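Welcome, and please take a moment to turn the model around before reading on. We will go through its sheets and then the contact between its chains.

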Amino acid sequence: MKKQYAWLLALSLVLSMFLAACSGGDKETADDNKKPADEPKVEQTLNFINGDTIPSMDPSLGTDEYAFQFLGATMEGLYRLDEKGQVSDGIATEHKVSDDGKTWTFTLREDAKWSNGDPVTANDFVYAWQRAVDPATGSEYGPYMMGGVIKNATAVNKGEVPVDQLGVKADGDFTLVVELENATPYFESLTTFGTFLPLNKKFVEEKGDTFATSADTLLSNGPFKFSTWTSTAQEWDLVKNETYWDAKTVKLEKMHYVVVKDPQTAVDLYEKGEVDRAGLSSDLVDQYATHDDYTVEPDTSVFYLKLNQTKNKALANVNVRAAISRAFDKQALVDEILNNGSIVANGLVPKDFVPTPDGKDFREVSGDQVTYDVKKAKEFWEKGLAELGTKEVTIELLGGDAEVSKMMNQYLANQLSTNLPGLKVTLKEVPFEQRLELDTAMDYDMQFAGWGPDFLDPYTYMNLWLTDGGNNQMGYSNPEYDKLVNETATTLAQDPEARNKNFLKAEKILFEDAAIAPVYQRASALLVSPKVQGVFTNAFGATYEYKWASVGAAE
Amino acid sequence: MTRYLLRRVWYMLITLFIIATFSFFLMKILPGSPLNAEDKLSEEQKEIILEKYGLNDPIPVQYAKYLGGLVKGDLGVSFKFDNTPVTAILFDRIGPSALLGFQALVVGSILGIFLGLMASIFRNSPIDFSSTIIAVIGTSIPSFVFAGLLQYVFAVKLGWFPVALWGEFEHTILPTIALAIHPMATAARFTRTEMVEVLHSNYIITARAKGVSESGIILKHGLRNALIPLITVLGPMAVGLMTGSMVIEQIFAIPGIGEQFVTSVMVNDYPTIMGTTLLFAFGFIVIILIIDLLYGLIDPRIRLAGGK
């Protein structure tokens with residue numbers, strides 16, 4: 001038995017080495033072709049702006065985009081997302097899924113090391129995942145990302161069973177066995193997320209309360225490591241991690257970061273050549289849209305109006321909701337107000353997020369579910385008013401209180417009341433935190449809200465509107481929608497074709513019911529120096545991927 | 001004098017206690033919680049985390065615990081920066097703010113006094129008018145507008161100074177000027193008004209009659225007396241610098257305490273909000289105490305009244 005196992009291991013090792021050699025070889029030849037043109041050699045250093053300090057580098061405690069950004073750059077989980085959004089080799093080289101889809105067995109590479117020289121083992125994953133759901137840790141993303149996915153995660157978090165009952169076990173040093181609550185087809189992409197990163201138990205326990213508060217109290221197993229950083233620092237450096245198993249792929253030697261919050265200052269620094277990338281706020285876009293380095297970076301966050309069916313009688317009427325979702329010009333909103341490359345959303349699942357099994361974009365296949373159409377909107381409106389037996393309706397719009405949000409709220413209110421005769425829209429603009437409270441209490445009529453994905457699967461959007469879903473909070477309920485969406489996570493979990501069909505059907509139902517009114521899909525406008533090469537954005541998790549980045553010649 | 005000082009320190013402690021109490025309860029009225037993924041967690045999951053941070057206790061219990069820590073000099077651990085004590089954050093951030101504030105106060109008052117002095121000597125001349133115009137502009141235009149202008153002209157266009165960031169002395173120049181403009185304007189106005197008044201008083205006429213030189217009259221007899229009311233406005237000026245620094249630090253991307261204060265309010269980082277508020281309050285109280293003591297040194301009448 002043991003021998004067989006060893007053989008298997010050796011075989012997979014040889015295979016993985018062969019594969020690594022192949023892909024490495026490819027890159028090298030590409031390099032060789034390029035080299036003569038790239039001479040003289042440029043310094044492989046990039047300077048970037050970060051919007052704020054990195055409050056935490058503890059994978060279990062990280063919650064914000066910056067934590068996940070730098071966790072992604074300095075650490076590596078089972079897999080890593082590549083340029084096409086596909087999982088590529090990480091600490092794991094391959095995995096097998098049991099027939100019922102509930103047991104995943106990952107084979108880990110044996111040459112992966114922490115920056116202190118210790119090997120990265122399966123036990124490091126077991127420890128980190130247990131820590132993430134342990135109620136004593138107080139993690140936010142642990143129970144959120146693992147709950148309902150990994151066996152017993154929720155029970156462990158509630159303290160009902162001890163942490164060692166979590167469905168993750170090490171079988172030797174280099175085999176990780178994960179048991180799931182249900183077959184979870186998107187589990188592969190989940191393993192690239194910050195919360196699922198491994199941790200060196202000895203190191204974490206030795207550092208105690210100071211763990212992950214400075215460069216000295218961190219261990220790295222990814223492409224880069226911090227050379228200077230503390231949790232309150234406004235300036236820090238990342239350098240190439242020579243102990244990374246795939247260090248030969250990493251070309252970038254150093255990244256220098258400074259915290260700059262004022263968009264104008266960021267652009268000024270960019271113009272002075274002190275930083276290689278600067279974000280543009282809406283008011284700066286006009287001035288810089290003709291700049292040579294102007295770029296639009298697409299995003300997968302979708303924004304929509306939630307139409308609460310439980311508070312305002314008018315919104316309980318499907319025709320009224322259908323009218324509202326067609327009665328505002330989204331194109332003008334993204335062009336005039338957002339002005340940053342954001343695009344109109346005519347469905348729920350964003351564009352360029354997930355492909356269907358036959359390789360097309362889900363959004364494209366699903367098509368426009370609800371578009372701006374005043375004529376149709378008016379028809380629905382008349383019908384709705386007749387059913388309600390009234391001529392006038394007042395609806396409150398709940399939205400954010402940031403400058404751009406206010407403009408959007410006012411614009412939407414104006415569009416709706418102009419295009420739908422007899423409709424009066426009042427505004428309620430509150431800070432984000434308060435909006436969440438009103439959402440939880442379902443104390444609103446219409447709400448301007450949005451959602452960013454937590455994993456690469458339409459389910460991350462579709463499960464929002466399940467009856468009594470944690471984020472539904474608008475009284476939407478359709479048994480058929482529930483059935484279709486739930487099937488994708490249970491009975492049909494292992495059948496990509498059938499799941500895709502269900503998602504398509506479910507999205508159609510959602511808009512036949514006019515449950516939400518999609519508005520736009522976000523993008524951001526930036527100035528990016530042409531010398532920044534090979535950096536790409538992820539649909540979720542770490543915003544930027546730097547593993548394959550390099551500095552090109554200046555011009 | 002010692003008794004006076006002791007009494008003042010006692011009052012200071014009471015003031016701080018009242019401020020701590022007010023801020024604590026005001027802060028609890030802020031909507032939201034320090035959780036970041038609030039929209040994603042179930043009620044049960046939220047409870048588990050709030051429990052860990054001690055936020056499930058009744059507010060009076062939390063308040064008692066906080067005061068207990070405060071007495072021991074423990075400001076708690078930040079919610080935003082995991083495992084980082086608030087005192088460490090404050091120590092980390094106070095340096096740049098204190099340096100900028102000090103430089104701005106010195107530059108502002110020296111320039112302001114000089115401007116005011118010139119205006120009062122050459123009264124109703126072009127010098128006087130331009131000084132008044134500078135003073136009016138300085139008081140009425142907010143410092144962040146100056147900051148943006150200075151940054152654009154001297155850093156972006158002329159390239160004389162760094163655009164932003166922190167490190168060398170040259171990084172402090174533009175923010176110091178931006179911060180100094182308001183104190184300068186205030187000092188100029190006060191100095192001019194007081195000097196004009198003082199120069200008309202009887203003892204100046206006496207000094208003149210005794211044949212004291214003009215420079216002696218202005219500097220020794222005039223300015224010294226004119227400065228007393230100026231010291232009164234030093235306090236409000238220092239406070240102005242503290243609040244002004246919140247915006248200036250953001251514009252010049254300076255790792256200061258004002259910038260930190262704004263951030264912690266935005267993310268509901270309760271211990272850091274309390275820590276920075278108390279630090280601002282403490283700074284203000286100390287400045288007022290120093291000014292009161294200075295008063296006694298400069299004006300003998302006040303010393304008598306305070307020392308009884």
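Over how many bridges do strand β8 (residues 224-228) and strand β9 (residues 235-240) of chain A pair, and in which sense? The two strands pair over 4 bridges, in the antiparallel sense.

A few ground rules will help. This is a predicted model, in which local features need pLDDT of at least 70 and side-chain atom pairs count only at pLDDT 80 or more, while totals for chains, interfaces and linings use all residues. Residues are numbered from 1 along each chain as its sequence is written, chains are lettered from A and ligands numbered from 1 in the order in which they are written, and side-chain values use heavy atoms, with hydrogens and water left out. Helices (H or I, at least four residues) and strands (E, at least two) are DSSP runs, numbered from the N terminus. Two strands pair if DSSP finds at least two bridges between them.

**The sheet with β8 and β9**

Let us stay with the opening pair. A hairpin of 6 residues connects β8(A) with β9(A). Within the pair, A:Phe224 stands opposite A:Lys240, and A:Phe226 has A:Leu238 as its bridge partner. On to β10(A): β9(A) is joined to this strand by 5 bridges, and the two run antiparallel. Here A:Val239 has A:Lys254 of β10(A) as its bridge partner.

These strands belong to an open sheet of 4 strands in chain A, ordered β1-β10-β9-β8, with mixed pairing. β1 (45-50) and β8 of chain A are at the edges with a single partner strand each, so one side of each has no neighbour in the sheet. From one strand to the next the twist averages 25 degrees. Helix α2 (residues 65-74) of chain A packs on this sheet and touches β1, β8, β9 and β10 of chain A (contact means heavy atoms within 4.5 Å). The direction of α2 makes about 110 degrees with that of β8(A); axes are lines fitted to C-alpha atoms, for helices over the stretch in contact, and angles run from 0 to 180 degrees between N-to-C directions.

**The antiparallel sheet**

Chain A also has an open sheet of 4 strands in the order β4-β5-β7-β6, and its pairing is antiparallel. Its edges are β4 (92-97) and β6 (168-170) of chain A; each has a single partner strand, so one side of each is left without a neighbour in the sheet. Direction ignored, neighbouring strands are turned by 20 degrees against each other on average.

Here are the pairings of this sheet side by side:

| Strands | Bridges | A pair of opposite residues |
|---|---|---|
| β4(A) and β5(A) | 5 bridges | A:Lys96 and A:Thr105 |
| β5(A) and β7(A) | 5 bridges | A:Thr105 and A:Val177 |
| β6(A) and β7(A) | 3 bridges | A:Lys169 and A:Val177 |

The hairpin of β4(A) and β5(A) has 5 residues between the strands, and A:Gly101 there takes a positive phi near 75 degrees.

**Salt bridges**

How many salt bridges does a search of the whole structure find? The search finds 24 over all chains, a salt bridge being a side-chain nitrogen of Lys or Arg within 4 Å of a carboxyl oxygen of Asp or Glu. One of them brings together the side chains of A:Arg109 and A:Asp89 (3.4 Å, N to O). This pair links distant parts of the chain, 20 residues apart: A:Arg109 lies in the loop between β5 (103-108) and α3 (122-133) of chain A, and A:Asp89 in strand β3 (residues 87-89) of chain A.

**Where the chains meet**

Chain B has a plainer make-up to describe: 12 helices and 0 strands. Its C-alpha trace spans about 85 × 60 × 30 Å along its principal axes.

The contact draws 43 residues from chain A and 40 residues from chain B. Together the chains bury about 3,600 Å², 52% of it on carbon and sulfur atoms; buried area is the accessible area (1.4 Å probe) that two parts lose on being put together, summed over both. Of the area that chain A buries against chain B, A:Glu140, A:Thr232 and A:Glu433 supply 17%, more than any other three residues.

Across this interface the rule finds 1 salt bridge. B:Glu259 forms a salt bridge with A:Lys261, with the closest N and O atoms 2.2 Å apart.
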